[in-house]
Amino acid sequence: MRAEMTIHAYVASIRTGQVLVVDPLAGVVSAAIGVGVLPFGVAVAPDGSRVYVTNFGGNDVSVVDTATGAVTG
């Protein structure tokens with residue numbers, strides 16, 4: 001039995017103040033996570049456990065737990 005691989009892309013949506021979780025293989029947005037004012041840059045931790053989002057309008061960074069989709073910092 002072969003394990004299926006899950007791939008996600010994280011896209012900052014300045015207009016909505018969210019990070020969109022995109023399944024590029026299916027071509028769908030699987031989640032939208034509210035992060036802050038004018039999210040701009042996105043970086044994924046090397047182990048994939050966290051996503052860091054710079055919020056241009058708030059001059060801060062949001063930390064998203066990729067397993068739960070919760071903003072933890």
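**Notebook: two sheets and a greasy patch**

I started at Pro 39 and looked up its bridge partner in strand 5, which turned out to be Asn 55. Note to self: this is a predicted model, so I am reading a prediction here.

**Entry 1: strands 4 and 5**

Next I checked how the two strands run. Strand 4 covers residues 39-44 and pairs with strand 5 in the antiparallel sense, over five bridges. I also found Val 44 standing opposite Val 51 of strand 5. Then I followed the chain from strand 4 into strand 5. The two make a hairpin with five residues between them. In that turn I picked out Gly 48, which has a positive phi of about 75°.

**Entry 2: along strand 5**

Which side chains of strand 5 are buried, and which are not? I went through residues 50-55 and wrote down two groups. Val 51, Val 53 and Asn 55 point to one face and are buried. Arg 50, Tyr 52 and Thr 54 point to the other face and are not buried. That fits what I have in my course notes: in a regular strand the side chains alternate between the two faces of the sheet.

**Entry 3: strands 5 and 6**

I moved on to the next hairpin. Strand 6 is residues 60-65, and six bridges pair it with strand 5, again in the antiparallel sense. Asn 55 came up once more, and in strand 6 its bridge partner is Asp 60. So far, then, I have Asn 55 down as a partner of Pro 39 and of Asp 60.

This hairpin has four residues between its strands. I stopped at Asn 59, which lies in the loop between strand 5 and strand 6. Asn 59 has a positive phi of about 55° although it is not a glycine. Is Asn 59 buried or exposed? I got 75% relative accessibility, so Asn 59 counts as exposed.

**Entry 4: the sheet 4-5-6**

I put the pieces together and got an open sheet of three strands, in the order 4-5-6, with antiparallel pairing. Strand 4 and strand 6 stand at the edges with a single partner strand each, so one side of each has no neighbour in the sheet. I looked up the twist too: neighbouring strands here are turned by 25° against each other on average, direction ignored.

**Entry 5: the sheet 1-2-3**

There is also an open sheet made of three strands in the order 1-2-3, and its pairing is antiparallel. Its edge strands are strand 1 and strand 3, each pairing on one side only. From one strand to the next, the twist averages 25°.

I zoomed in on strand 1 and strand 2, which run antiparallel and are joined by five bridges. Ser 13 lies in strand 1, and I found it opposite Gln 18 in strand 2. At 15% relative accessibility, Ser 13 counts as buried, since the cut-off for buried is under 20%. What does Ser 13 touch, leaving out residues up to four places away in sequence? I listed Gln 18, Leu 20 and Pro 39. Pro 39 is the residue I began with, the bridge partner of Asn 55.

**Entry 6: the nonpolar patch**

Last, I went over the surface. Which residues make the nonpolar patch there? I noted Ile 14, Val 37, Leu 38, Phe 40 and Phe 56, with about 550 Å² for the patch. Then I looked up some of them one by one.

- Ile 14 is in the loop between strand 1 and strand 2. Ile 14 counts as partly exposed because its relative accessibility is 42%.
- Val 37 sits in the loop between strand 3 (28-34) and strand 4. Not counting residues up to four places away in sequence, Val 37 touches Asn 55, Phe 56, Gly 57 and Gly 58. I checked Gly 58 separately: its C-alpha atom and that of Val 37 are separated by 5.4 Å, with the residues 21 apart along the chain.
- Leu 38 lies in the loop between strand 3 and strand 4. Leu 38 has a positive phi of about 55° although it is not a glycine. At 36% relative accessibility, I put Leu 38 down as partly exposed.

One last cross-check: Val 37 and Phe 56 both belong to the patch, and Phe 56 is among the residues that Val 37 touches.

Conventions. Residues are numbered from 1 along each chain as its sequence is written. This is a predicted model: local features need pLDDT of at least 70, side-chain atom pairs count only at pLDDT 80 or more; totals for chains, interfaces and linings use all residues. Side-chain values use heavy atoms; hydrogens and water are left out. Buried means under 20% relative accessible area, exposed over 50%, partly exposed in between (1.4 Å probe, protein chains only). Two strands pair if DSSP finds at least two bridges between them. Axes are lines fitted to C-alpha atoms, for helices over the stretch in contact, and angles run from 0 to 180 degrees between N-to-C directions. Patches are made of residues with over 30% relative accessible area and no salt bridge: like charges are joined within 9 Å, nonpolar side chains (Val, Leu, Ile, Met, Phe, Trp, Tyr) within 5 Å. Accessible areas come from the Shrake-Rupley method with a 1.4 Å probe; for residues, only the protein chains shown count as cover. A salt bridge is a side-chain nitrogen of Lys or Arg within 4 Å of a carboxyl oxygen of Asp or Glu. Contact means heavy atoms within 4.5 Å.
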